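Dear colleague,

I am passing on the structure we spoke about, and below it you will find an account of what turned up when I went through it. Please read the text with the structure open beside you.

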Number of protein chains: 2
Amino acid sequence: MNDITFQAIGTIYTPHASLENMPIQPSGAAQTKGYILLKEEFTEGLKDIEGFSHLTLIYHLNKVEEHQLSVVPFMDDKAHGIFATRSPKRPNPIGLSTVKLTKVEGNKLFIEEVDMLNETPLLDIKPFFRQSDNRLQAVSGWLDDKHQNAVSETKSDERFI
Amino acid sequence: MNDITFQAIGTIYTPHASLENMPIQPSGAAQTKGYILLKEEFTEGLKDIEGFSHLTLIYHLNKVEEHQLSVVPFMDDKAHGIFATRSPKRPNPIGLSTVKLTKVEGNKLFIEEVDMLNETPLLDIKPFFRQSDNRLQAVSGWLDDKHQNAVSETKSDERFI
């Protein structure tokens, strides 16, 4: 097997010390504030990032210990394949969240709508590009059957610890 | 340094044998077709994925040999910090693209709007969830100054090889 090896470029700090009661998606995290401390060696890479209102973060779900190919996600009571869900117990525990950027101070980025655990290792930051990243006509399978409010109101629990 | 190690869950096959003339984003890739071969051991994880019109793929930019913190991206003639661009020469060479899913046959997923190189190692598949993943009001910094047509018409060149 060919290993693909990365190193954290920084750390995401959030108020979520445990999975219990954590919002399951940024849209459920509303004004929840956090920040990123980028490793100082990468600060130059932030030039012009303050012009973006939203950033897509790719991070390591470092508390996930094993994967499941079939999961009952928070938003349903039926099992779905892991790749048809956003559940964390993935073969490669990689998290993906688009958050709001409010301020940049040196290597510190102030963000809102955070839905990841405190001290999460950050792998990459992509600027959200409105013209390319939205998919207004997307059909979202079993998730379409759930009302948008369900995302905002559903909290995490201990099942994925 | 703490290494974070993943393994490919499969491979993305596309018509793009080299970076030359490759579309720089899925919106520029129009009907360009490709497919994913997931490793057979993960096929169970695809259950119900066919209900989604779009998938967000996270993959290894395995042809990138070194990173640059400041880059002149395809869409501009000025340098920006790497994290304010989608350029591939990132500290962790991780690619992110939302593609269209047209058919699933066992461990083979037929996709369109592909903008990655042929034989790209796949790290994760997330279902695109229209209600959570769109950011209609996003402001996209220097990219907003460029017309949408610029994305569709701009092709890659050799500068990131």
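**Fold of chain A**

Read along the sequence, chain A follows the pattern β-β-β-β-β-β-β-β-β-α-α-α, which amounts to 9 strands and 3 helices. Please keep in mind throughout that this is a predicted model.

Six of the strands of chain A form a closed barrel, in the order β2-β3-β8-β7-β4-β9 and with antiparallel pairing. From one strand to the next in this barrel, the twist averages 45°. One of the pairings can be followed in detail: strand β7 (residues 94-105) of chain A and strand β8 (residues 108-112) of chain A are joined by 5 bridges in the antiparallel sense, and L101(A) stands opposite I111(A) in β8(A).

Of the 161 residues of chain A, 48% count as buried. If we take the contacts in chain A between residues at least 6 apart in sequence, 76% of them join residues at least 24 apart.

**How the two chains are related**

Chain B can be laid on chain A by a turn of 180° and a shift of 0.0 Å along the axis, with an RMSD of 0.0 Å. That is the relation of a two-fold axis. As for the surfaces involved, 98% of the interface residues of chain B are also interface residues in chain A, so the copies meet through the same surface.

In the contact itself, 63 residues of chain B are in contact with 62 residues of chain A. The elements of chain B that give two or more residues to the side touching chain A are the strands β1 (3-7), β4, β6 (80-81), β7 and β9, together with the helices α1 (130-133), α2 (141-144) and α3 (148-153). Of these, β9(B) gives the most, with 6 residues. By residue type, the side of chain B that touches chain A divides into 29 nonpolar, 23 polar and 11 charged residues.

The chains also share a strand pairing, since strand β1 (residues 3-7) of chain A and β1(B) pair in the antiparallel sense over 5 bridges. Within that pairing, the bridge partner of D3(A) in β1(B) is Q7(B).

**Strand β4 of chain B**

The strand I would look at with particular care is β4 (residues 54-60) of chain B, where 7 of the 7 residues are buried, so that the strand is largely enclosed by the rest of the structure. In a regular strand the side chains alternate between the two faces of the sheet. Both faces of β4(B) are covered, with H54(B), T56(B), I58(B) and H60(B) buried on one side and L55(B), L57(B) and Y59(B) buried on the other.

Which strands pair with β4(B)? With strand β7 (residues 94-105) of chain B, β4(B) pairs in the antiparallel sense over 7 bridges, and here Y59(B) stands opposite G95(B) in β7(B). With strand β9 (residues 120-127) of chain B, β4(B) runs antiparallel and is joined by 5 bridges, T56(B) having K126(B) as its bridge partner in β9(B).

I58(B) deserves a separate word. The largest nonpolar core has 69 residues, and those with the most contacts inside it are I58(A) and I58(B). Not counting residues up to four places away in sequence, I58(B) touches I58(A), I94(A) and L96(A) in the other chain, and I94(B), L96(B), L123(B) and D124(B) in its own. In soluble globular proteins, nonpolar side chains tend to be buried together.

**Two loop residues of chain B**

E44(B) has its place in the loop between β3 (33-38) and β4 of chain B. With 14 C-beta neighbours inside 10 Å, E44(B) counts as partly exposed. Leaving aside its neighbours within four places in sequence, E44(B) is in contact with L69(A), S70(A) and G81(A). The C-alpha atoms of E44(B) and N107(B) are separated by 8.7 Å, although the two residues are 63 residues apart along the chain.

K89(B) lies in the loop between β6 and β7 of chain B, and K89(B) is likewise partly exposed, with 18 other C-beta atoms within 10 Å. Between the C-alpha atoms of K89(B) and V71(B), which are 18 residues apart along the chain, the separation is 8.3 Å.

With best regards

Definitions and conventions
Residues numbered from 1 in each chain as written. Chains lettered and ligands numbered in written order. Predicted model: local features only at pLDDT ≥ 70, side-chain atom pairs only at ≥ 80, totals over all residues. Least-squares fit on C-alpha atoms with pLDDT ≥ 70 in both. Contact = placed C-beta atoms within 7 Å. Buried ≥ 20, exposed ≤ 12 C-beta atoms within 10 Å, placed from the backbone. Helix = DSSP H or I, 4+ residues; strand = E, 2+ residues; numbered from the N terminus. Pairing = 2+ DSSP bridges. Core = buried A, V, L, I, M, F, W, Y, C linked by C-beta atoms within 7 Å. Nonpolar A, V, L, I, M, F, W, Y, C, P; charged D, E, K, R; others polar. Axes fitted to C-alpha atoms, helices over the stretch in contact; angles between N-to-C directions.
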